[in-house]
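Colleague: Pick one spot in this model and take me through it closely, please. Then carry on outwards from there, so that I can see what sits around it.

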Amino acid sequence: MGVIPPIPYPVVLLTAKDEEKIGNITTLIWIGTFSQEPFIIGVAVKKKRYSYGLVKKSGVFGINIPSQDHLVDADYCGYTKGSTVDKFKETSFTPVDGKVIDVPMIKECPVKLECKLLEIKELGDHDLIIGEVVHTEIDPSVCDEKGRIDLLKLKPIIANYPQGTYHMVGDRIGFWGMSMAGGRGV
Ligand SMILES: Cc1cc2nc3c(=O)[nH]c(=O)nc-3n(C[C@H](O)[C@H](O)[C@H](O)COP(=O)(O)O)c2cc1C
């Protein structure tokens, strides 16, 4: 194996379904936002993942952000294959229908993104699955009084690939533009 990518990521859960409408859950960390308007995201997924074929065939997928309360189930979905295990049955995760597209989403995840597949770009050992987010749902319980996500309420799981460890987000240490407000460069 070459270099282990040293970039920390949040853990997300990709959902997709097969023709029998059985939903699958796959744990991912390689995710990025590539456009805000339209809202376009990308996830890096190996071809051999069961979900890869489901996304390719159905043309839709969900991205669900779990909180640390669901750490063990999130880990489980990264060690089991949808081809042999019904992960919705084996975990505490409950499937709910997408609001806008026909894709299973995870009830317990406070952030849910319903995505339409735009393109799959072959890169290397992982392919880039690019999707447009057509619906976003955020549980108000993880937001501040202005409706913005509060990380201390969301409690996302951060993964450190080199050590194979999970971490939680700590105290807020600043805000965007603080260097300007504080006088530096003003
Ligand atoms: C913390 C964690 C992060 C992972 N990130 C990715 C990822 O970004 N891309 C990927 O293809 N697989 C990733 N995996 C591996 C898949 O989740 C794993 O192979 C899973 O069993 C595939 O499920 P499926 O075959 O049902 O799709 C990750 C696993 C863990 C535990």
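Modeller: Let's start at K155, which counts as partly exposed because it has 17 C-beta neighbours inside 10 Å (20 or more other C-beta atoms within 10 Å would make a residue buried, 12 or fewer exposed, with partly exposed in between; C-beta atoms are placed from the backbone). This is a predicted model, so local features need pLDDT of at least 70 and side-chain atom pairs pLDDT 80 or more, while totals for chains, interfaces and linings use all residues. Numbering runs from 1 along each chain as its sequence is written.

What makes K155 worth a look is its backbone: phi is near 50°, a positive value in a residue other than glycine. Most residues other than glycine have a negative phi. K155 sits in the loop between α4 (151-154) and β11 (helices are DSSP runs of H or I, at least four residues, and strands runs of E, at least two, numbered from the N terminus).

Follow the chain out of that loop and you're in β11 (residues 157-160), which pairs with β1 in the antiparallel sense over two bridges (pairing takes at least two DSSP bridges). Here Y9 has A159 of β11 as its bridge partner. On to β12: β11 pairs with this strand over four bridges, again antiparallel, and I158 is matched with H167 in β12. β11 and β12 make a hairpin with four residues between them, and G164 in the turn has a positive phi of about 65°. Put together, that's an open antiparallel sheet of three strands in the order β1-β11-β12. β1 (9-10) and β12 (165-168) are its edge strands, each pairing on one side only.

β11 also leads us inwards. The largest nonpolar core has 29 residues, and V12, L13, L14 and F61 have the most contacts inside it (such a core is a set of buried Ala, Val, Leu, Ile, Met, Phe, Trp, Tyr and Cys joined through C-beta atoms within 7 Å). β11 is among the elements giving this core two or more residues, along with β2, β3, β5, α1, β6, β8 (104-106) and β9. Leaving out residues up to four places away in sequence, L13 touches I25, T27, N64, P66, A74, C77, I106 and C109 (contact here means C-beta atoms within 7 Å).

Over in strand β9 you'll find C115. C115 counts as buried because 29 C-beta neighbours lie inside 10 Å. With the same sequence cut, C115 touches I41, V60, F61, G62, I63, G131, E132, V133 and V134. D102 is 13 residues away from C115 along the chain, and their C-alpha atoms are 10.0 Å apart.

Helix α1 (residues 50-58) has S51, Y52, L54 and V55 buried. They are on the same side of α1, because they cover an arc of only 165° around the axis (taken from the directions from the axis to the C-beta atoms). Their cover includes β2 (12-17), β3 (23-28), β5 (40-45), β6 (60-65), β9 (111-122) and β10 (127-138). Just after α1 comes G59, with a positive phi of about 75°.

One more backbone oddity to check: the peptide bond from E37 to P38 is cis, with omega near 0°. P38 is in the loop between β4 (31-35) and β5.

Definitions and conventions
Contact = placed C-beta atoms within 7 Å.
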